[in-house]
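User: I am new to this structure and would like a close look at a single part of it. Please take one strand, with its partners, and then go on to the loops and the pocket.

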Amino acid sequence: MNAIKGTMLAMALGLLGTAGCGDKVTTAAATLMSPTGSPLGTVTITQTGSAQQVQVAIALTGAPAGKHGAHLHDVGKCDPPDFMTAGGHFNPTGQMHGDPNQNIHHSGDFGNIDVGADGTGTLSVTTTTLSLSSDQVTYAANHAFIIHQSADDLVTQPTGNSGARIACGIIPAPSGG
């Protein structure tokens with residue numbers, strides 16, 4: 001009986017030891033800066049293995065209360081005071097602007113982050129419209145991530161009518177093992 005228990009335990013530990021071994025986790029993270037150079041938060045993009053899904057996590061601190069549009073923009077520049085050097089939304093597949101929870105939207109559309117009266121807010125979005133693989137047209141590195149002054153209405157073309165750009169960070173080449 002002890003031999004059977006020992007074999008079963010060894011098999012279970014072996015299975016646990018191999019679970020996820022082949023899944024390379026790749027991440028790219030940027031600090032989101034205000035026009036005056038103050039840090040307002042971070043954006044982290046994570047891809048596991050060759051999965052089509054990518055996780056985008058935003059955390060803000062010291063931001064104005066309210067809803068703010070969150071977008072990946074086309075150009076990897078964050079020149080103050082207005083961050084207009086970041087260009088328009090990242091849209092390598094030529095889609096209309098829209099709700100990230102719908103099929104049709106820019107690769108750079110992430111909806112809105114809700115910031116509380118204390119200046120903090122978080123947003124986590126899972127998407128299939130971005131990649132951290134440099135051989136993909138939807139490669140997110142070297143693009144600017146922007147937080148806007150107002151909420152994205154998720155409809156108005158091409159930007160969602162989300163107003164001025166209040167924070168910007170450039171997504172670096174990813175790291176991971």
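Analyst: The account below begins with one strand and its neighbours and then turns to some loops and a pocket.

This is a predicted model, in which local features need pLDDT of at least 70 and side-chain atom pairs count only at pLDDT 80 or more, while totals for chains, interfaces and linings use all residues. Residues are numbered from 1 along each chain as its sequence is written, and side-chain values use heavy atoms, with hydrogens and water left out.

The strand chosen is β3, which covers residues 54-60; strands here are DSSP runs of E with at least two residues, numbered from the N terminus. Its side chains alternate, so to speak, between two faces: Val 54, Val 56, Ile 58 and Leu 60 point to one face and are buried (under 20% relative accessible area, with a 1.4 Å probe and protein chains only), whereas Gln 55, Ala 57 and Ala 59 point to the other face and are not buried.

On pairing, two strands count as paired if DSSP finds at least two bridges between them. Strand β2 (residues 39-48) runs antiparallel to β3 and is joined to it by seven bridges, and within this pairing Ile 45 has Val 56 as its bridge partner. The hairpin of β2 and β3 has five residues between the strands, and in this hairpin Gly 49 takes a positive phi near 60°. Strand β6 (residues 121-127) also pairs with β3 in the antiparallel sense, over seven bridges, and there Leu 60 is partnered by Gly 121.

In the loop between β4 (66-72) and β5 (109-115) lies Pro 81, and the peptide bond from Pro 80 to Pro 81 is cis, with omega near 10°. Phe 83 belongs to the loop between β4 and β5 as well; although not a glycine, Phe 83 has a positive phi of about 55°, and it is buried, with a relative accessible area of 2%.

The loop between β7 (144-148) and β8 (165-170) holds Pro 158, which is joined to Gln 157 by a cis peptide bond with omega of about 0°. Asn 161 is found in the loop between β7 and β8 and, although not a glycine, has a positive phi of about 55°; at 55% relative accessibility, Asn 161 counts as exposed (over 50%).

Technical notes
Helices (H or I, at least four residues) and strands (E, at least two) are DSSP runs, numbered from the N terminus.
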